[in-house]
Amino acid sequence: MFTQEEMENLLKAGRIGAEARNIGASLVKEGASSREICEEVEGLIIKRGAKPAFPCNLSINEIAAHYTPGLDDDLKIPGIGVVKIDVGAELNGYISDTATSVAIGDSFKGLVSAVERSLSSVVSLMKPNISIYDVGKTIEKIIKESGFRPIKNLTGHTISRYNLHAGESIPNYPDRTYFYKKLRPGTQVAIEPFGTTGRGYVVDGSITNIYSFSGRNPKNVSGDALNLLNYIKEKYKKLPFASRWLLKEFEASKVPRMIGELVRQKALIGYPVLIEVSKGMVAQFEHTFLVLQNEVVVTTK
Ligand code: CO
């Protein structure tokens, strides 16, 4: 079970994450810069005394997840579509993870509302020892009733200290293999329904702007790449970071080569943008939950 100190950190990380998410959503307007929105969101988390648990993800339309501005790209908010903001705060290693979607124009309000309602239904259903199967069942039911599909290969996840994906997945559909798997007291979990107008699968895209340290130390890299890796290990541990964050300390002209070396040596894992396979529009909502002995608390309300 969580100690009182853990609870305090987890709840505060949740409140900061929620505030950052809401500020991000309020900045989503046609023509706005992804870079400016993400910097604002990450700056707010730092101002509140925490750190971003991972880069601000601002994924537009058929990009379901993992877009953050890179070293020299900066997507602008379109005039029509769906923008997902997925953010998290880290406080002494304790993490929150939360997301919302904003419909630009009227065309995709129905999709956004269906996915939002699917997360609300999870919030009302949550209780200690709930079956992971039942969580996926309610998510799929609500999204399908509205005429959309859940994304089957994106899932929620358990969270532990300094670890954003602590081992268990929470599918967005009733997966039989999870029938007897339960969310036990003492578990922290992020539940994140994704809904789409498309086929309901994501594939890797060509842009990668988010990385994390894999835990493997490279055998054969240049001195400056090793220096960069030591900086990353010290500063971000194994949590995801944005390549653009490195520009505070390292020269922009050298960063791509150093990252390339570290990825080839498997010291860094890259997280490419995830794109809906049929280019369907994608909406996402996410909250972080603490499963306690007699109740379940939403930290990112
Ligand atoms: Co998450």
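Which residues in helix 3 are buried? I would like to start there, and the reply is that Leu111, Val112, Ala114, Val115, Ser118, Leu119, Ser121 and Val122 are buried in helix 3. Before going further I should say that what we are looking at is a predicted model, and that every value I mention has been computed from it.

Let me step back to the whole chain. The protein chain has 301 residues, and its radius of gyration is 19 Å, which agrees with the value near 19 Å that a compact globule with this number of residues would have. Along its principal axes, the C-alpha trace spans about 55 × 45 × 35 Å. Its secondary structure comes to six helices and 20 strands, and 55% of the 301 residues count as buried. If we take the contacts in the chain with a separation of 6 or more, residues 24 or more positions apart account for 76% of them.

Now back to helix 3, which has 17 residues and reaches 24 Å from its first C-alpha to its last, close to the 24 Å expected at 1.5 Å a residue. This helix leads us to the interior, where the largest nonpolar core has 26 residues, and where those with the most contacts inside the core are Val122, Met126, Val135, Leu183, Ile191 and Phe289. Two or more residues of this core come from each of helix 3 (109-125), helix 4 (132-145), strand 13 (187-191), strand 19 (287-291) and strand 20 (296-298). Helix 3 gives the most to this core, with six residues. As an example of how these parts meet, Val122 touches Val135, Thr138, Ile139, Ile191 and Phe289, if we leave out residues up to four places away in sequence. Apart from this core lies another, of 22 residues, among them Val28, Leu44, Cys56 and Val102. As background, in soluble globular proteins nonpolar side chains tend to be buried together.

Since Cys56 has just come up, a word on the cysteines. Cys56 counts as buried at 2% relative accessibility, and Cys38 counts as buried at 0%. With a disulfide taken as a pair of cysteine sulfur atoms within 2.5 Å, the count of disulfides in this model comes to zero.

Val102, also in that second core, takes us to the strands. In strand 7, Val102 is the bridge partner of Val83, and seven bridges join strand 4 (residues 81-87) to strand 7, the two running antiparallel. How much of strand 7 is buried? Six of the seven residues of strand 7 (residues 98-104) are buried, so this strand is largely enclosed by the rest of the structure.

There are also two open sheets that I would like to describe one after the other. In one of them, three strands stand in the order 1-5-6, with antiparallel pairing. Strand 1 (51-52) and strand 6 (94-95) are at the edges, each with a single partner strand, so one side of each is left without a neighbour in the sheet. Strand 5 (residues 89-91) pairs with strand 6 over two bridges, and Leu91 stands opposite Tyr94 there. In the other sheet, three strands follow the order 9-14-18, again with antiparallel pairing, and the edge strands are strand 9 (149-150) and strand 18 (282-284), each of which pairs on one side only. Strand 14 (residues 194-196) and strand 18 are joined by three bridges, and Gly195 has Ala283 as its bridge partner.

Let me turn to helix 6 (residues 255-264), in which Val255, Met258, Ile259, Gly260, Glu261 and Leu262 are buried. These buried residues pack against strand 15 (202-213), helix 5 (223-236) and strand 17 (268-276).

I will finish with two places in the backbone. Most residues other than glycine have a negative phi. Where, then, does Lys266 lie? Lys266 is found in the loop between helix 6 and strand 17, and its phi is near 65 degrees, a positive value in a residue other than glycine. At 49% relative accessibility, Lys266 counts as partly exposed. The other place is Asn129, with a positive phi near 70 degrees, in the loop between helix 3 and strand 8 (130-131). Asn129 counts as partly exposed too, at 33% relative accessibility, and with that loop we are back beside helix 3, where we began.

Definitions and conventions
Residues are numbered from 1 along each chain as its sequence is written. This is a predicted model: local features need pLDDT of at least 70, side-chain atom pairs count only at pLDDT 80 or more; totals for chains, interfaces and linings use all residues. Side-chain values use heavy atoms; hydrogens and water are left out. Two strands pair if DSSP finds at least two bridges between them. Helices (H or I, at least four residues) and strands (E, at least two) are DSSP runs, numbered from the N terminus. Buried means under 20% relative accessible area, exposed over 50%, partly exposed in between (1.4 Å probe, protein chains only). Contact means heavy atoms within 4.5 Å. A nonpolar core is a set of buried Ala, Val, Leu, Ile, Met, Phe, Trp, Tyr and Cys residues joined through side-chain atoms within 4.5 Å. The expected span of a helix is 1.5 Å times one less than its number of residues. The radius of gyration is taken over C-alpha atoms; the globule rule is 2.2 Å times the number of residues to the power 0.38.
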